[in-house]
Amino acid sequence: MNLCDLKTVRQIMSMFNLTFRKEFGQNFLTERTVVEDIADSCCDKENMTVLEIGPGIGTLTYELALRAERVVALEIDRGLIPVLQYTLGSFGNVKVINQDVMQTDLDALLAPYFAQGPVSVCANLPYYITTPILMKLLESRLPFETINIMIQAEVADRLCAKAGSKDYGAITAVLAYYGHAEKLFTVPADRFVPAPKVNSTVISIRLYHDEKPCVPKSEEMLFRTIKAAFGQRRKTLINALDAGLPDLDRQTIDSAIRACGFDPTIRGERLDIHDFTRLSDALLGGD
Ligand code: SAM
């Protein structure tokens, strides 16, 4: 069965009396080489477990199952579960769970797999919920090897932007704290059914574990500083932090910025994650 073939996809959907559900961001991949390339990019180790979010009719899951030791797939749409039994039934290494990833205790679900070998995430993510899913994965602090996701191209530009560029934002800095993100390739909208309005890009995030490049005195202060710096994007750093950190007085903020060697009138988007770490430490004061 060729799950990338448009006719086959439509046949399967009608066989199970299903329509593509917009509210779940259902745009299914129909380009074999793209599906293979995503699966290859993720499965680069022996004895891997892959967590897939949103298997759809199983197109990517099929290729992951051929490459990884195990695949655990979370699908929110109950209607797709019999389809996945039909398309993936021949694999003994795929576990499909009918669950919303946002409501899933990933720690409890994945603990047994982390004990067995490397675990990575691979997904063609639904656009409507890309950032919350990504933040959930990062904040779970689970030791994923990589998070390889297909997302809207503009979001990929933002996540992988360099400090000082127009796409750089709070989410870029926060992501850079957790891992190194790079764009792998872009996929035109017409390679999906139904075709979305925008192109997609596959990115790979290699998470830092013990070797984190930035170790702030307080993570909470680091994230507050980043949020404040981007809260008022057109403001100078001093004004943005003054507005976003009401518990600190302007003089303290000014001194901290200068102590880090920055001009208080620069904009927050000039700072990379190393700069934000130093600044948040300085804002905390002490030694
Ligand atoms: N992996 C398939 C592919 O590449 O063709 C489908 C990708 S489609 C863009 C997104 C999938 O995520 C859909 O199957 C959708 O039902 C599922 N989904 C949407 N929200 C979800 C959630 N919160 N938890 C789990 N799955 C979700």
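**Figure 1. Surroundings of Thr-146 in the predicted model.** Setting aside neighbours within four places in sequence, the residues in contact with Thr-146 are Val-119, Ser-120, Val-121, Ser-204, Ile-205 and Arg-206. With one of these residues, Ser-120, the side chain of Thr-146 forms a polar contact of 3.1 Å. Thr-146 belongs to strand S6, which covers residues 146–152. Is Thr-146 buried or exposed? Thr-146 is classed as buried because its relative accessibility is 2%, and the cut-off for buried residues is under 20%.

**Figure 2. The ligand and the residues around it.** The ligand has 20 residues around it, and those that come nearest are Gly-54, Glu-75, Asp-100, Asn-124 and Tyr-128. The view shows several polar contacts that involve nitrogen atoms of the ligand. A ligand nitrogen lies 2.8 Å from an N or O atom in the side chain of Asp-100. With Ile-76, the partner is a polar backbone atom, 3.3 Å from a nitrogen atom of the ligand. A polar backbone atom of Pro-55 is likewise found 3.5 Å from a nitrogen atom of the ligand. How much of the ligand's accessible area does the protein cover? On its own, the ligand has 600 Å² of accessible area, and the protein covers 99% of this area.

**Figure 3. Helix H9, its N-terminal cap and its buried residues.** Helix H9 comprises 13 residues, from 219 to 231. The distance from the first C-alpha of H9 to the last is 18 Å, close to the 18 Å expected at 1.5 Å a residue. At the N-terminal end, Ser-218 caps the helix, with a side-chain oxygen 3.3 Å from the backbone nitrogen of Glu-220. Which residues of H9 are buried? They are Met-221, Leu-222, Thr-225, Ile-226, Ala-228, Ala-229 and Phe-230. An α-helix has 3.6 residues a turn, so residues three or four places apart point the same way. The cover over the buried residues of H9 includes helix H8 (170–178), helix H10 (237–244) and helix H12 (273–284).

**Figure 4. The two domains and the contact between them.** The domain assignment divides the chain into domain 1, residues 6–207, and domain 2, residues 219–284. A distance of 35 Å separates the C-alpha centres of domain 1 and domain 2. To the contact, domain 1 contributes 13 residues and domain 2 contributes 12 residues.

Methods. Residues numbered from 1 in each chain as written. Predicted model: local features only at pLDDT ≥ 70, side-chain atom pairs only at ≥ 80, totals over all residues. Heavy atoms only, no water. Helix = DSSP H or I, 4+ residues; strand = E, 2+ residues; numbered from the N terminus. Expected span 1.5 Å × (residues − 1). Buried < 20%, exposed > 50% of the residue type's maximum accessible area, 1.4 Å probe, protein only. Contact = heavy atoms within 4.5 Å. Polar contact = N/O pair within 3.5 Å; in protein donor to acceptor, adjacent residues only side chain to side chain. Near = heavy atom within 4 Å. Areas by Shrake-Rupley, 256 points an atom, 1.4 Å probe, with all protein chains shown as cover. Domains from an automatic or database assignment.
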